[in-house]
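Here are a few exercises to work through with the model open beside you. Try each task before you read its solution.

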Amino acid sequence: MRCKLYLAIFLIFVITTTASPQQEALSPQDVLGFRVGEDYKLAGWEEIVSYFHSLDAASDRVMVHELGKTTMGNPFILSIISSPHNLNNLEHYRQIQQRLADPRGLSTQEANQLIAEGKTIVLITCSIHSTEIAASQMSMELAYRLASEESPQVKEIIDNVIFLLVPSLNPDGTVMVVDWYRKTLGTPYEGTSPPYLYHKYVGHDNNRDWYMITQQETKLTVGKIHNVWHPQIVYDMHQMGSRGARLFIPPFIDPIDPNVDPILQAEIVWMGSAMASELTAQGKSGVIMASMYDAWTPARAYQHYHGGIRILSEAASVRIASPIKVSWDELAEGRGYSAKKSSWNFPFPWKGGEWHLRDIVDYELTAAFACLTHAARYRDRWLSNFYTIGKRAVERKEPPFAFLVPIKQDDLPTAIAMLQVLQKGMVEIYRATQPFTADRVPYPAGTYVIPLAQPYGGYAKTLLEEQHYPVRYQYPGGPPLPPYDTTAHTLPLLMGVKTVTVESPFTTKLELVEEILPPQGKVIGGIAKYAYLLSHKLNNSFLAVNRLLKEGYQVYWSADDVTLDRQFFPAGTVVIPKADGLENKIKSLASKISLDFFAVNKSLPSRGYLLKTPRIGLYKSWMPSMNEGWTRWVLEQWEFPYQSLYDKELREGKLTEKFDVIILPDQRPSAIINGIPPGRYPPEYCGGMGKAGVENLKQWVYAGGTLITLGSASRLPMEQFWLPVKDSLEGVPRDKFSAPGSIVKVVLDRLHPIAYGFHRETNVMFWRGLAFELRGGTAVASYPATNPLLSGWILGAEHLCHKGALVDLPLGKGRVILFGFRIPYRAQSYATFKLLFNALYYGTATLSKLP
């Protein structure tokens, strides 16, 4: 399969390098009519794409490929820049890179020959966060200079480097930001960010998708660039706040994930120092190193686990393309430095003054050329280190030896989904063809085996093991330093997949699984005379329920445990009574979404909840929430119909006519109620739901609606509806309690319908969460009496003990369901998706005797 992919890529390269008449390469200014980075001027995505295609046509140093379409249908392009000789031999150099990346079977002599012949592969990616727009603009000038200049520096680069340039990792966002900026230019709202997510679903979190790989743009980048070219260097360009340093360059601060090879850790320092040195030598003041950003999580650093460094720069922002002025007095303290004081990692402070988009472009051009020059000048070192990293990976000896994924799982399709995530990252997964014993425990044939002595074993290890975050403190005895992002990313815990760590080597017969597919489901017991039963443990059961309800079939949840023919079916089992056409529909569902249905030939002596498709409203603020976007994405994957619900509709009322269930995604109550202050944006975007919206929401609940609140949004009904519950963490200082993005255990009330499909315990992502003290209602999930930490880090665990994590509170004829933990966390927390899905159905379900 991979060979076919590489052949297809090679054929594309051959076709696109066919000789055509060359034109003179024009500068971006010649084409756009303004200099890149000019105040108040931006090139749109169509113009950027068009410019790169014109360079392709005019220069024998540039090739441009459209890798596919983005989420919203825009072209996603890659430009490859190198010497004509290198471009005419791209497949040859890619094969060299492939052999060095996976050096199994490669002799030292062969490796040295490949190192002598190969090229450094550098990938620069721009503007994944689309309001950080300078890099996408700069990319045109960078490409033009490499395509047209005859300087010794450029010749050194194109002869020794194959440069992969992605002008935008988020073209949809580039379109949104440019359109919004042009629309507001010359108005009081000039320079503001769009009042919506600049990615259709995930906004800023698109740079947290580098191991789950859920979004289209991530799939294109990983599948068609990273996994094809295995770059030694990945440089990702960002922007940051305006009142500190002018540019951040690595090295990163501690901690760095210990699964990142020490060579890579040293290379990050090596490259970052060289870039900072060049910037300073060229008079670029305000460059900071070793501050603010850590390298703990793989969510931002795919290449750290694939043989290369991933560095980023963060430039001080302007107001999109409008200049700003920052005085010396306005410069602020940064994390680990002062913008007004010289230090070893900040030797040349910026003195303040005007700051323009062109300044960012100039800094980024200098940084890019410094990176490329270093990659060219030390080509042999980059390649030899790359080979050594791969060799150490495949010759790994230290424990653990492997991870096992048993085939007996509560939710096998989700376990398969986890394995597919690993395969997207080029992890080799094997299947045992015979029974075996590992660490003195017997396992059956069919068990999935992930040995760690493989090219990307470190990637598998960091995703499968528990994290032990090495917390640091501001000073001895002081409060902890917060991590830059989360502290835990253990996929088996997040996804609810049983995984076994094997410490000692073992031998058995294994077969490499090229593509892991879920097993085909089946109908057990033939044609049902009464009903079909389906386990509630499977996330995919909700796909089946949604499709069956859409086609008009009746669906129930059993309200009681049932035993049939010595087989136990717990409360919550999905019951689909026999109906015309149902048999073929059940067979189709079993086959397509890997579900086992059980045919029942007699009535069940049980009560059941009759389900109906809920009319779901998902609140969408003009102060955009990434949790709203992720929730929207997850609802769509499991085919829950919903409508976005805006402030205006909440203020107008009549909610009962439209909605059975309303979800408030994780967002501060002040943002939901007050929204954007008047005057900062056009009037139609200002103000939140207001007091009128809060009152309408409350009356809607009293009339029978189900309000589901996620994370911080739970405080809104707690405060505004006077619910008999409080957050026990409110007011607790950080030096007494902190659990920044950690995976913790909760205990469930399995008799409650929201907990159907679960065992007594499950795992949740706790991140800026709540811990409920109840004076009424039901705690569907609670934190246990002991330390609940499973992965990551927690300080003051006693503040969670015995507190509620998920609460169901009746209110009038309706109910409020409060989630205190992060759900659906970046589309990773499969282990808790069912809690949200159950809550969606619970409010509209009717308890009755099963037919």
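**Exercise 1. A residue and its surroundings**

Which residues does valine 64 touch, not counting residues up to four places away in sequence? Keep in mind that you are looking at a predicted model.

*Solution.* Start by placing the residue: valine 64 lies in strand E1, which spans residues 62–69. Next, list its contacts, which are Phe52, His53, Asp56, Ile77, Leu78 and Ser79. Take one of these partners for a closer look: histidine 53 is 11 residues from valine 64 in sequence, and their C-alpha atoms are 6.3 Å apart. Finally, turn to accessibility: the cut-off for buried is under 20% relative accessible area, so valine 64, at 6%, counts as buried.

**Exercise 2. Two packed helices**

At what angle do helix H6 and helix H13 pack, and how far apart are their axes?

*Solution.* First find the two elements: H6 covers residues 108–117 and H13 covers residues 379–394. Their packing angle is about 145°, and the axes are 9 Å apart. Now look at the handedness: the crossing of H6 past H13 is right-handed. Then collect the contact residues. H6 supplies Thr108, Ala111, Leu114, Ile115, Ala116 and Glu117, while H13 supplies Arg379, Asp380, Leu383, Ser384 and Tyr387. Sort them by character to finish: six residues of this contact are nonpolar, two are polar and three are charged.

**Exercise 3. Reading a sheet**

Which strands stand at the edges of the open sheet of seven strands?

*Solution.* Write down the strand order, E22-E28-E23-E27-E24-E29-E42, and note that the pairing is mixed. The edge positions belong to E22 (523–524) and E42 (846–849). Each has a single partner strand, so one side of each has no neighbour in the sheet. Now step inside the sheet: E23 (residues 531–534) and E27 (residues 574–577) run antiparallel and are joined by four bridges. To find the register, notice that leucine 533 is opposite valine 575 in E27.

**Exercise 4. Checking the cysteines**

How many disulfides does the model have?

*Solution.* The test is whether a pair of cysteine sulfur atoms lies within 2.5 Å; by this rule the count is zero. Cysteine 126 shows how the test works out: the nearest cysteine sulfur belongs to cysteine 371 and is 12 Å away, and cysteine 126 is in no disulfide. Is cysteine 126 buried or exposed? With a relative accessible area of 0%, cysteine 126 is buried. Cysteine 686 is also buried, with a value of 13%.

Notes: Residues numbered from 1 in each chain as written. Predicted model: local features only at pLDDT ≥ 70, side-chain atom pairs only at ≥ 80, totals over all residues. Heavy atoms only, no water. Buried < 20%, exposed > 50% of the residue type's maximum accessible area, 1.4 Å probe, protein only. Axes fitted to C-alpha atoms, helices over the stretch in contact; angles between N-to-C directions. Left-handed = near helix turned anticlockwise from the far one by under 90°. Contact = heavy atoms within 4.5 Å. Nonpolar A, V, L, I, M, F, W, Y, C, P; charged D, E, K, R; others polar. Pairing = 2+ DSSP bridges.
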